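Reader: Hello! I would like a close look at a single part of this model, taken slowly and with the cut-offs spelled out. Could you choose one strand and show me how it fits into everything around it?

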Protein chains: 2
Amino acid sequence: MPGKSKAEADESGPVLSANRAFYRAFRDRDMGAMERLWAEAVGLVCIHPGWEALTRRAEILDSWRGILESPNAPQIHCEEASVRFLGDAAIVLCIEMIDGRALVATNVFVREKGSWRMALHQATPTARTLAPRKAETPKTLH
Amino acid sequence: MPGKSKAEADESGPVLSANRAFYRAFRDRDMGAMERLWAEAVGLVCIHPGWEALTRRAEILDSWRGILESPNAPQIHCEEASVRFLGDAAIVLCIEMIDGRALVATNVFVREKGSWRMALHQATPTARTLAPRKAETPKTLH
């Protein structure tokens with residue numbers, strides 16, 4: 001990855017903090033925090049594993065309400081979060097551990113009124129974690 | 001989705017054009033075009049279905065070389081592409097049809113030296129296409 005500028009290094013903390021707030025809202029079943037986290041001034045995308053993409057803010061929040069209120073809501077924690085900056089947007093790549101299963105997630109945040117807010121969440125099953133290893137061609141062709 | 005500004009509407013064409021160039025490079029097995037498409041000045045993420053995340057430009061290009069040179073490379077086309085702007089970055093959401101199977105893909109592009117170049121590609125199996133339908137809580141909890 002290209003080196004980070006000082007400004008980017010300074011902003012990594014706030015972006016990772018927003019990413020932690022997302023997983024804390026998930027873990028604590030805190031729908032108010034989840035709602036505040038999603039951006040309001042940009043188009044959104046949320047892709048739960050195996051499901052169609054949700055794009056309207058109301059349907060994204062409805063989906064989270066369903067998950068957070070369910071008695072079967074899974075246990076989750078996030079590992080190995082790292083940030084890549086694209087101007088006023090930032091991609092966080094991380095591993096979600098859900099009931100012992102690993103998912104790889106990309107969370108895209110955008111700077112909105114002084115805060116980093118979520119614009120995209122996509123989680124997908126993965127065979128392994130992000131620990132450094134030899135580059136290899138995927139066995140599944142695309 | 002919030003309304004698009006005129007500037008964003010004007011830029012949708014170039015972003016969708018970059019997205020088409022990605023699928024054209026895939027379809028035509030054009031490794032040169034694929035290499036030119038990926039950004040150079042920002043950190044990258046590429047997640048092939050079911051696989052670990054690739055983050056170094058060299059390993060991402062190696063993975064595409066493996067896919068494009070394989071005799072089993074799948075047939076692909078992209079449907080229902082739509083753009084969301086986050087300043088100098090843009091998220092394209094689309095459906096990939098691969099050998100009759102639907103994947104949902106998010107492709108994030110960044111403005112680099114006057115061109116829109118790819119910073120993130122993530123494709124994941126999906127049960128259905130993006131055709132408008134009633135919001136519904138995912139059956140899989142997260």
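Author: Happy to; what follows moves from the whole chain to strand 5 of chain A, and then to the other copy.

This is a predicted model, in which local features need pLDDT of at least 70 and side-chain atom pairs count only at pLDDT 80 or more, while totals for chains, interfaces and linings use all residues. Residues are numbered from 1 along each chain as its sequence is written, and chains are lettered from A and ligands numbered from 1 in the order in which they are written.

Chain A has three helices and five strands, where helices (H or I, at least four residues) and strands (E, at least two) are DSSP runs numbered from the N terminus. Their order from the N terminus is α-α-β-α-β-β-β-β. Of the 142 residues in chain A, 37% are buried; a buried residue has 20 or more other C-beta atoms within 10 Å of its own, an exposed one has 12 or fewer, a partly exposed one falls in between, and the C-beta atoms are placed from the backbone.

The strands of chain A form an open sheet of five in the order 1-5-4-3-2, with mixed pairing; two strands pair if DSSP finds at least two bridges between them. Strand 1 and strand 2 of chain A are the edges, each with a single partner strand, so one side of each has no neighbour in the sheet.

Now to the strand itself. Strand 5 of chain A runs parallel to strand 1 of chain A, and three bridges join them. Along that seam, A:Val45 has A:Leu120 as its bridge partner, and A:Ile47 stands opposite A:Gln122. With strand 4 of chain A, strand 5 of chain A pairs in the antiparallel sense over 10 bridges; here A:Ala105 stands opposite A:Ala123. These two strands of chain A form a hairpin with two residues between them, and A:Lys113 in the turn has a positive phi of about 50 degrees. Strand 5 of chain A is largely enclosed by the rest of the structure, because nine of its 11 residues are buried.

One residue worth a zoom is A:Ala119. Leaving out residues up to four places away in sequence, A:Ala119 touches A:Ala39, A:Val42, A:Leu44, A:Val108, A:Phe109, A:Val110, B:Leu86 and B:Ile91, contact being C-beta atoms, placed from the backbone, within 7 Å. A:Ala119 is also among the residues that touch the most other members of the largest nonpolar core, which has 76 residues; such a core is a set of buried Ala, Val, Leu, Ile, Met, Phe, Trp, Tyr and Cys residues joined through C-beta atoms within 7 Å.

That brings us to chain B. In all, 52 residues of chain A are in contact with 52 residues of chain B. Strand 5 of chain A supplies the largest share of the side of chain A that touches chain B, six residues. That side divides into 30 nonpolar, 16 polar and six charged residues, with Ala, Val, Leu, Ile, Met, Phe, Trp, Tyr, Cys and Pro counted as nonpolar, Asp, Glu, Lys and Arg as charged, and the others, Gly among them, as polar.

Key. Two residues are in contact if their C-beta atoms, placed from the backbone, lie within 7 Å.
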